[in-house]
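Please walk through the structure shown here, going from its strands to its helices and then to its largest pocket.

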Amino acid sequence: MESPFEMITNVDKVENAYYIEVKPGEYNAKYWNKESVYFADEAFAYFYTTICKYVPQYQPTQVTEIKAETWLRISNQLQELAYFLSTNPPMIKLKKWIDFSKVERNVQTV
């Protein structure tokens, strides 16, 4: 993997079990689906705060079904985050967007 922030679209390129699988459609009790995309745990942890804003019950270690319209809201919010980060904001302002306790915990477990 080139970057932990790379979205992997080919399940054969997933290097280990430390990935978040995002699968379109309803949960079918199957994992490592070819139609899914995969993100490294350490990268996805940065999205935790944004996802929880729209899906408060989200836990990265559990299956969470998220409707398409909610994903659109999350995606829009993540685009705002990307823009915000591109402005090189001071660290103090990042707390609104990123829960570093989740990031640190996730990195320590990998």
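The paragraphs below take the strands, one helix, a loop residue and the largest pocket in turn. The model is a predicted one.

Begin with the strands. Strand β1 covers residues 19-22, and strand β2 covers residues 37-40. The two pair in the antiparallel sense, with four bridges between them. Within this pairing, Tyr-19 is found opposite Ala-40 of β2. The side chains of β2 go two ways: Val-37 and Phe-39 point to one side, while Tyr-38 and Ala-40 point to the other. All four of these residues are buried.

Tyr-38 is a residue of β2 that can be followed further. Its relative accessible area is 0%, so Tyr-38 counts as buried, the cut-off being under 20%. Tyr-38 is separated from Tyr-19 by 19 residues in sequence, yet their C-alpha atoms are 6.1 Å apart in space. With neighbours within four places in sequence left aside, the contacts of Tyr-38 include Tyr-19, Ile-20 and Glu-21. Trp-32 and Asn-33 are also among them, as are Glu-6, Met-7, Ile-8, Val-11 and Val-14.

Next comes helix α3, which runs over residues 68-86. How far apart should the ends of its 19 residues be? At 1.5 Å a residue the expected span is 27 Å, and the end C-alpha atoms are 27 Å apart, so the model agrees with the expectation. Following α3 is Asn-88, which has a positive phi, near 55°.

Which residues of α3 are buried? They are Thr-70, Ile-74, Gln-77, Leu-81 and Phe-84. Viewed down the axis of α3, the buried residues lie within an arc of 70°, and therefore they line one face of the helix. Residues three or four places apart point the same way because an α-helix has 3.6 residues a turn. The other side of α3 carries exposed residues, namely Ala-68, Leu-72, Gln-79, Tyr-83 and Ser-86. What the buried residues of α3 pack against is α2 (48-54) and α4 (91-94).

Two residues of this helix can be taken singly. Thr-70, which lies in α3, has a relative accessibility of 14% and so counts as buried. Not counting residues up to four places away in sequence, Thr-70 touches Tyr-54 and Val-55. Leu-81 also lies in α3, and its relative accessible area of 5% is why Leu-81 is classed as buried. Along the chain, Leu-81 and Trp-97 are 16 residues apart, and 7.0 Å separates their C-alpha atoms.

Trp-97 comes up again with Phe-47, a residue of the loop between α1 and α2. Is Phe-47 buried or exposed? Phe-47 is buried, because its relative accessible area is 18% and the limit for that class is under 20%. In sequence Phe-47 and Trp-97 are 50 residues apart, whereas the C-alpha to C-alpha distance is 8.2 Å.

Last is the largest pocket, which holds about 1,000 Å³ of space. It is lined by 34 residues, and the closest of these to the pocket centre are Ile-20, Glu-21, Tyr-58, Pro-60 and Gln-62. At least two lining residues come from each of β1, α1 (41-44) and α5 (100-109). Ile-20 and Glu-21 link this pocket to the earlier discussion of β2, as both are in contact with Tyr-38.

Definitions and conventions:
Residues are numbered from 1 along each chain as its sequence is written. This is a predicted model: local features need pLDDT of at least 70, side-chain atom pairs count only at pLDDT 80 or more; totals for chains, interfaces and linings use all residues. Side-chain values use heavy atoms; hydrogens and water are left out. Buried means under 20% relative accessible area, exposed over 50%, partly exposed in between (1.4 Å probe, protein chains only). Two strands pair if DSSP finds at least two bridges between them. The expected span of a helix is 1.5 Å times one less than its number of residues. The arc is that of the directions from the helix axis to the C-beta atoms. Contact means heavy atoms within 4.5 Å. On a 1 Å grid over the protein atoms alone, a cavity is a set of points where a 1.4 Å probe fits but cannot get out, and a pocket is an open set with protein on both sides within 12 Å along at least five of seven lines; lining residues have an atom within 4 Å of a point. Grid points are joined across faces, edges and corners, and a volume is the space filled by probe spheres set on the points.
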